[in-house]
Amino acid sequence: MSSIFTKIIEREIPADIEYEDEDVIVIHDIAPQAKHHLLIIPKKEIATLDDIDETNEYILRHMFEVARTITRKKGISQGYKAQFNVGKDGGQEVMHLHLHILSDI
Ligand code: AMP
């Protein structure tokens with residue numbers, strides 16, 4: 001079954017999309033934990049950070065490149081948190097890799 005983020009990527013359910021390219025989508029979190037709360041999500045469905053290996057690790061570099069671009073564009077690049085929750089015991093609820101970007105600037 002597709003993850004909720006795949007459903008967003010495929011436009012089966014709506015989301016507030018901030019940015020999109022061939023490999024990632026960036027959306028606003030539906031339940032923001034800060035003034036700015038973005039999720040950087042690879043289009044390829046990788047469950048958790050623990051599922052990264054040499055075949056897909058390029059996506060992490062791209063996710064951080066996108067983080068730099070988006071935070072500069074939004075004027076929050078001087079102060080934000082970038083967080084992965086990893087696995088159920090790490091507080092991850094959606095088993096589709098995503099990087100939280102949180103800023104109160
Ligand atoms: P995590 O606990 O790290 O798996 O984070 C999942 C995040 O996805 C939470 O912060 C949720 O608020 C967010 N989320 C869940 N469903 C949606 C949705 N439909 N649109 C935007 N964000 C969502």
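The radius of gyration used here is taken over C-alpha atoms, and the globule rule sets the expected value at 2.2 Å times the number of residues to the power 0.38. For 105 residues this rule gives a radius near 13 Å, and the protein chain has 13 Å, so its value agrees with that of a compact globule. The structure is a predicted model. Along the principal axes, the C-alpha atoms of the protein chain fill a box of roughly 35 × 30 × 30 Å.

The overall composition may be considered next. The protein chain contains two helices and five strands, and along the sequence these elements follow the pattern α-β-β-β-α-β-β. Of the 105 residues, 43% count as buried. The accessible surface of the protein chain comes to about 6,300 Å², and carbon and sulfur atoms account for 49% of that area. Among contacts with a separation of 6 or more, 54% are made by residues 24 or more positions apart.

The strands can be followed in order of their pairing. Strand S1, residues 17-20, runs antiparallel to S2 and is joined to it by three bridges. A hairpin of three residues leads from S1 to S2. Within this pair, Ile-17 of the chain stands opposite Ile-27 in S2. Strand S2 itself spans residues 24-28 and is mostly covered, with four of its five residues buried.

On to the next pairing: S2 is joined by five bridges to strand S3, residues 36-42, and the two run antiparallel. Here Ile-25 stands opposite Ile-41 in S3. Strand S3 also pairs with S5, again antiparallel and through five bridges. In that pairing Ile-40 faces Leu-99 in S5.

How many of the residues of S3 are buried? Seven of its seven residues are buried. The side chains divide between two directions: His-36, Leu-38, Ile-40 and Pro-42 point one way from S3, while His-37, Leu-39 and Ile-41 point the other way. Residues pointing in either direction are buried, as all of those named are.

Helix H1, residues 4-9, includes Ile-9. Ile-9 counts as buried because its relative accessibility is 15%, and the limit for a buried residue is under 20%. Apart from residues up to four places away in sequence, Ile-9 touches Ile-25, Ile-41, Pro-42, Lys-43 and His-96. Two of these, Ile-25 and Ile-41, are the residues that stand opposite each other in the pairing of S2 with S3. Ile-9 and Val-24 are separated by 15 residues in sequence, and their C-alpha atoms are 9.0 Å apart in space.

Another contact of Ile-9 is His-96, which belongs to the loop between strand S4 (81-83) and strand S5 (99-103). Is this loop residue buried or exposed? His-96 counts as buried because its relative accessibility is 0%. Its side chain is joined to that of Ser-3 by a polar contact of 2.6 Å. The side chain of His-96 also makes a polar contact with the side chain of Thr-6, at 3.4 Å. Beyond its neighbours within four places in sequence, His-96 is in contact with a list of residues that includes Ser-3, Phe-5, Thr-6 and Ile-9. The list also includes Ile-41, Pro-42, Lys-43, Lys-44, Glu-45, Ile-46 and Ala-47.

The ligand completes the picture. It is surrounded by 16 residues, of which the closest are Asp-29, Glu-93, Val-94, His-98 and His-100. Which parts of the protein approach its oxygen atoms? An N or O atom in the side chain of Asn-85 is 2.9 Å from an oxygen atom of the ligand. At Glu-93 a polar backbone atom is 2.7 Å from an oxygen atom of the ligand. For His-98 the distance between a side-chain N or O atom and an oxygen atom of the ligand is 2.8 Å. Taken alone the ligand exposes 500 Å², and the protein buries 85% of that area.

Definitions and conventions: Residues numbered from 1 in each chain as written. Predicted model: local features only at pLDDT ≥ 70, side-chain atom pairs only at ≥ 80, totals over all residues. Heavy atoms only, no water. Buried < 20%, exposed > 50% of the residue type's maximum accessible area, 1.4 Å probe, protein only. Polar contact = N/O pair within 3.5 Å; in protein donor to acceptor, adjacent residues only side chain to side chain. Contact = heavy atoms within 4.5 Å. Pairing = 2+ DSSP bridges. Near = heavy atom within 4 Å. Areas by Shrake-Rupley, 256 points an atom, 1.4 Å probe, with all protein chains shown as cover.
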